[in-house]
Protein chains: 2
Amino acid sequence: MNIIVDSIGGDKGPEEIIKGCVDAVNEVDINITIVGREDKIKEELSRYTFSKGSIDILNSEDEITNEDDPALAIRRKKNSSMVMGLKALAEGYGDGFVSTGNTGALLAGGLFIVKRIRGIERAALATVYPTRKGFSLMLDIGANVDCKPEYLEQFAVMGSIYSEKVLGTSSPKVGLANIGVEEGKGNILVREAYDLLKETNIDFYGNVEVRDIPEGVVDVIVCDGFVGNVILKLTEGMAITLFSTLKEEFSKSFKSKIGALMLKPQLKSFKDRFDYREYGGAPLLGLKKPVVKAHGSSDSFAIKNAIRQAKTFIDKDVIKIIENEINILE
Amino acid sequence: MNIIVDSIGGDKGPEEIIKGCVDAVNEVDINITIVGREDKIKEELSRYTFSKGSIDILNSEDEITNEDDPALAIRRKKNSSMVMGLKALAEGYGDGFVSTGNTGALLAGGLFIVKRIRGIERAALATVYPTRKGFSLMLDIGANVDCKPEYLEQFAVMGSIYSEKVLGTSSPKVGLANIGVEEGKGNILVREAYDLLKETNIDFYGNVEVRDIPEGVVDVIVCDGFVGNVILKLTEGMAITLFSTLKEEFSKSFKSKIGALMLKPQLKSFKDRFDYREYGGAPLLGLKKPVVKAHGSSDSFAIKNAIRQAKTFIDKDVIKIIENEINILE
């Protein structure tokens, strides 16, 4: 198995990504092709010990940045690490692709270069959402801001398969993110999607009140990309605001500072429970090959986890299973 | 000035609502008509001291519950406190209406009985959203789950007026809730609403990243009712989950329990900063008369605040100003 990793686009530079690749080949039985500036990659690799032959390099001269227009960048920057990596994937030089780069460009590139599975109407970006009980898989989180009910139906099926095969949840419960639990609640999109979801053979839980999402009542949360992105971003924003308000409160007096000091391990463990890094990357579901988006701020640990996730994605033949299920749906 | 208050529908029973009415007339110069079961209201009122003549009673024999279908209940339960209160308002026996009851029924009743201002396409439910810096007014939070761009434009204008006149914000900044800050971001609805908002004479801030909403970057947040409800409910859910996770962590060891004890005043102040009660009720904007929805779990303090808010709503002639601005818009 060979996984192609884009060394360009991380907030922490290629160093962390390359270290993550070395850690991955040292830990699991895979080969990695790192795409990027060859001299830089060679220089970084020379610092580490790993089995020769497990990592090779695909040289690319150009870069797609977060400021680039996604569709334009994919069309024009033929020599960028992302386009070259996706092309290598599409042409069979690798079994999966991991990138920390421009999310929009990765989506556009996935659609134009790797292409959708036959029968899939839209590819969705999924993420692991940390909850009090563990985590839920949520999709779509931003690839499709305007959706039809049929897209949500396909997202539900793909999410259910990914949750079972890659995240290891047995018979995952799939819920529709909504503003009430009763059937008939919500806007036209979710009401129509509800009717479609009832007819699938996934374990459809029904509507999930958005209020209950952080508690972790279902394994897979389905929503359109606008709402999914709202949920994700608000969760981050709330966590940031609550942490800083807490900090403000705790530094108000000498006594409270002592109290906070005594609670240091608990406060750290509290923060860790809402840490995305443990959970690896966000899979793009609906493409012909596994593509995983790692967070821009990923360190080597997060990169290694994203690569492991891509490996399971490949191992479990998720794409073949999606193909079959989508045919049944039609 | 006479404010009509519905004594039915609160989670805590009519007792808290009636006490809130007494506190209100004792604190500010208004009259109140309490609608509900006359014997119960008389019994409760007999416990308190207040200027006779400042409170009268409108007897109603029926109740709308949270389980009732909103539109059906309004049509059929003619003798319910809510329908009788709204009718009294529409017929001029009062200047404003406050209810803790079924939100959907209050909306339906507002539309059917009080009716929309000429030129207003949809009435919106607005709420005060607690932020780190204070609060923002957010609308729509659930009255209209499927919106057109023109509705959002009107929500923005009404929200700006309410924020200035009732909440006392001078030249309020109005933002459009979105998944990115740049113009052109988001789904079709928000992209088209953006273009309309640029042309109004409100202080349009542009897009507000949902992630930044809890920090409090704008005074008014505009969104469709589905997204607004998602934001509101997820905020509540995140607060609940984070508080209980924190509690779990703090009770892990003897030392951490002591630490938490030392932080008790700070933890309380932290919780209070996210307390909706301070902020009174949620106004229904776009109707011909002031209608305010108080939270179902309101205690007498929250009821008193909702009544004071209705008073300012009336005092400042918000409805007249909305009428004028909507005519300019057209």
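This briefing covers the fold of chain A, its contact with chain B and one covered helix. The model is predicted: local features need pLDDT of at least 70, side-chain atom pairs count only at pLDDT 80 or more, and totals for chains, interfaces and linings use all residues. Residues are numbered from 1 along each chain as its sequence is written, and chains are lettered from A and ligands numbered from 1 in the order in which they are written.

**Chain A overall**

- Chain A holds 12 helices and 11 strands, taken as DSSP runs numbered from the N terminus (helices H or I, at least four residues; strands E, at least two).
- The radius of gyration of chain A is 21 Å, which agrees with the value near 20 Å for a compact globule of 330 residues; the radius is taken over C-alpha atoms, and the globule rule is 2.2 Å times the number of residues to the power 0.38.
- The C-alpha trace of chain A spans about 65 × 55 × 35 Å along its principal axes.
- Of the 330 residues of chain A, 56% are buried (20 or more other C-beta atoms within 10 Å of the residue's own, with C-beta atoms placed from the backbone).
- Among contacts in chain A with a separation of 6 or more, 72% join residues 24 or more positions apart (a contact has C-beta atoms, placed from the backbone, within 7 Å).

**Contact between chains A and B**

- Chain A and chain B each give 44 residues to the contact.
- On the side of chain A that touches chain B, α8 (225-250), α9 and α10 (264-272) of chain A are the elements giving two or more residues, and α8(A) gives the most, with 17 residues.
- The residues on this side of chain A divide into 20 nonpolar, 12 polar and 12 charged (Ala, Val, Leu, Ile, Met, Phe, Trp, Tyr, Cys and Pro are nonpolar; Asp, Glu, Lys and Arg are charged; the others, Gly among them, are polar).

**The α9 pair**

- The axes of α9(A) and α9(B), residues 254-262 in each chain, come within 8 Å and cross at roughly 155 degrees (lines fitted to C-alpha atoms over the stretch in contact, with angles from 0 to 180 degrees between N-to-C directions).
- The two helices are therefore roughly antiparallel (an angle over 145 degrees).
- K255, S256, I258, G259 and M262 of α9(A) meet K255, S256, I258, G259 and M262 of α9(B).
- By class, this helix contact has four nonpolar, four polar and two charged residues.

**Helix α4 of chain A**

- Seven of the 10 residues of α4(A), residues 81-90, are buried: S81(A), M82(A), V83(A), M84(A), G85(A), L86(A) and L89(A).
- The cover over these buried residues includes β1 (2-6), β2 (31-36), β3 (55-59), α3 (70-76), β4 (96-99) and α5 (103-114) of chain A.
- G92(A), just after α4(A), takes a positive phi of about 95 degrees.

Note on methods
A residue is buried if 20 or more other C-beta atoms lie within 10 Å of its own, exposed if 12 or fewer, and partly exposed in between; C-beta atoms are placed from the backbone. Two residues are in contact if their C-beta atoms, placed from the backbone, lie within 7 Å. Angles under 35 degrees count as roughly parallel, over 145 as roughly antiparallel, 65 to 115 as roughly perpendicular and the rest as oblique.
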